[in-house]
Amino acid sequence: MQSPSTNASRGSRSPSAERGSRGARLSLFAVLACLLWLSACGHESRPADPPPDPPHPAPERVLSGIDVLAAQDFAPLAGKRVGLITNATGVDRALRSTADLLHESPEVELVALFAPEHGVRGDRPAGERIASYTDETTGLPVHSLYGRTRAPTPEMLAGLDVLVYDIQDIGVRSYTYISTLGLAMGAAARAGVAVLVLDRPNPLGGERVEGAPVEPGHETFVGAYPIPYVYGLTVGELAQMMVGEGWLGEDLTVDLEVVPLEGWRRDMDFRATGLPWVMTSPHIPTPESAAFYAATGILGELQVLSEGVGYTAPFRFIGAPWIEPARFAAELNALGLPGVHFRPVHYTPFYGRDQGKALGGVELHLRDPAQAPLMAIQLHALAVHNRLYPQHDAFARAATDRLRMFDHVAGGPRLRAALMEGGNAWQAELERGVATFQERAARYYLY
């Protein structure tokens, strides 16, 4: 039982204590009101921050073509003599090499490897010609498809029953692996060798299509087929389209089979698949690099403006010694391009043509990659640059061979001509033929 004095001390306060408590509450309210007022004033005077990057969805379990083939115990290859076109990206979910998996399987007789640009194990620099050699791991002969010939010769294919293709592409036309695929399929058809394509995701998804198809008569190794710059197909779907549209030769009958992905949807970017990423080439270290390559790769061909190759994040930068970063960024952000923000930067490349040069420019931040007009970003940047710095006009400064390479990668000379005219003519050029391509491409969808 509590005493009366204890109850009194808990249930009542003196008048002076009550006045002190009330005063403390009033002081606290005043401080809070002042803080709220200061916060509101500060918020009104501070410029709005760019929206935060959208969170990546939880990855799903997608199986690549090699995972599906292994789950089938390599049945489509049983009893056949096999050749394999692959590189470092040809791996299963456990990062085991497709070359090693086929070599070690008792169900498969792997007799030869074929090397695209960068080599079977990814140990060759971009653009370096490759001679045929022996693979140290398997002891198998490696026939070069990026040296004296870019298509398998009859001698290379002699004795093969099937030619397997397993390479991760990045969904951009100028990346040379898809040109290797088409040349190999044509050579295999002429030699009576079947083709098996192990499908892989398009890291840019299966819905994005940007840029006019290659102009007739302007086909090159960096633009071999009449497809847009960003073409929105998996490599298996593209292989089917090459055959179905007669791009390999109307008189060729290609014995083509595609081992499809499991669990992939067209709206997926690469992160959403849960698959491991292996560098597709030295300057594409992450799946996001594919998007940056699409956004600045053509611009870099002029070798007037830096696209960030030689610095820490290739293809994420646009710069030059004469560019004023804040001004350039402000002009680009004023365009209101969806999904991308341009941050003013200074940077000095560690190697390459701009090694040691202090450059000013912008870093690309893809706030919403699905909405960003990737191919157009570099063309807007070129137009803004040439307007701000006419004395450094990129087309006027570029060497003749670099202008020619720009046209090759752009799919022909029409885009450069439209850019040099000024105005918005180049934007209409980007849309030429895109709708027709998308309509025809849909016939070859696997997903």
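Which residues does Thr 280 touch, not counting residues up to four places away in sequence? The legends below, drawn from a predicted model, begin with this residue.

**Figure 1. Surroundings of Thr 280 in the loop between β7 and α8.** Beyond the residues up to four places away in sequence, Thr 280 touches Asn 87, Thr 89, His 118, Gln 168, Ile 170, Tyr 175 and Tyr 177. The loop that holds Thr 280 follows strand β7 (256-259) and is bounded on its other side by helix α8. With a relative accessible area of 2%, Thr 280 lies under the 20% cut-off and therefore counts as buried. Gly 122 is 158 residues away from Thr 280 in sequence, yet the two C-alpha atoms are 8.0 Å apart in space.

**Figure 2. Thr 296 within helix α8.** Helix α8 spans residues 287-300 and includes Thr 296. The relative accessibility of Thr 296 is 0%, so this residue counts as buried. Leaving aside residues up to four places away in sequence, the contacts of Thr 296 are with Glu 307, Phe 315, Phe 317, Ile 318, Leu 364 and Gln 378.

**Figure 3. Crossing of helices α9 and α10.** Helix α9 comprises residues 325-333 and helix α10 residues 374-388. Their axes come within 10 Å and cross at roughly 130°. This angle falls outside the ranges for roughly parallel, roughly antiparallel and roughly perpendicular, and the two helices are therefore oblique to each other. The crossing of α9 past α10 is right-handed. On the α9 side, the contact is made by Arg 327, Phe 328, Glu 331 and Leu 332. On the α10 side, His 380, Ala 381, Val 384, His 385, Arg 387 and Leu 388 take part. Sorted by class, the residues of this contact are five nonpolar, two polar and three charged.

**Figure 4. Val 222 in the loop between β6 and α7.** Strand β6 (194-198) and helix α7 (235-244) bound the loop in which Val 222 is found. Val 222 has a relative accessible area of 12% and is buried, because the cut-off for that class is under 20%. Among its contacts, not counting residues up to four places away in sequence, are Arg 173, Ser 174 and Thr 176. Val 222 also touches Met 405, His 408 and Val 409. Ser 179 lies 43 residues from Val 222 along the chain, and a distance of 7.2 Å separates their C-alpha atoms.

**Figure 5. Positive phi values at Phe 74 and Leu 95.** Most residues other than glycine have a negative phi. Phe 74, in the loop between α3 (65-71) and β1 (81-86), has a positive phi near 60°. The relative accessible area of Phe 74 is 7%, so this residue is buried. Leu 95 is in the loop between β1 and α4 (98-104), and its phi is likewise positive, near 65°.

**Figure 6. The whole protein, as context for the close-up views.** The protein has 447 residues, of which 52% count as buried. Its secondary structure consists of 15 helices and 10 strands. Of the contacts between residues at least 6 apart in sequence, 72% join residues at least 24 apart. The accessible surface comes to about 20,400 Å², and carbon and sulfur atoms account for 54% of that area.

Terms used
Residues numbered from 1 in each chain as written. Predicted model: local features only at pLDDT ≥ 70, side-chain atom pairs only at ≥ 80, totals over all residues. Heavy atoms only, no water. Axes fitted to C-alpha atoms, helices over the stretch in contact; angles between N-to-C directions. Helix = DSSP H or I, 4+ residues; strand = E, 2+ residues; numbered from the N terminus. Parallel < 35°, antiparallel > 145°, perpendicular 65-115°, else oblique. Left-handed = near helix turned anticlockwise from the far one by under 90°. Contact = heavy atoms within 4.5 Å. Nonpolar A, V, L, I, M, F, W, Y, C, P; charged D, E, K, R; others polar. Buried < 20%, exposed > 50% of the residue type's maximum accessible area, 1.4 Å probe, protein only. Areas by Shrake-Rupley, 256 points an atom, 1.4 Å probe, with all protein chains shown as cover.
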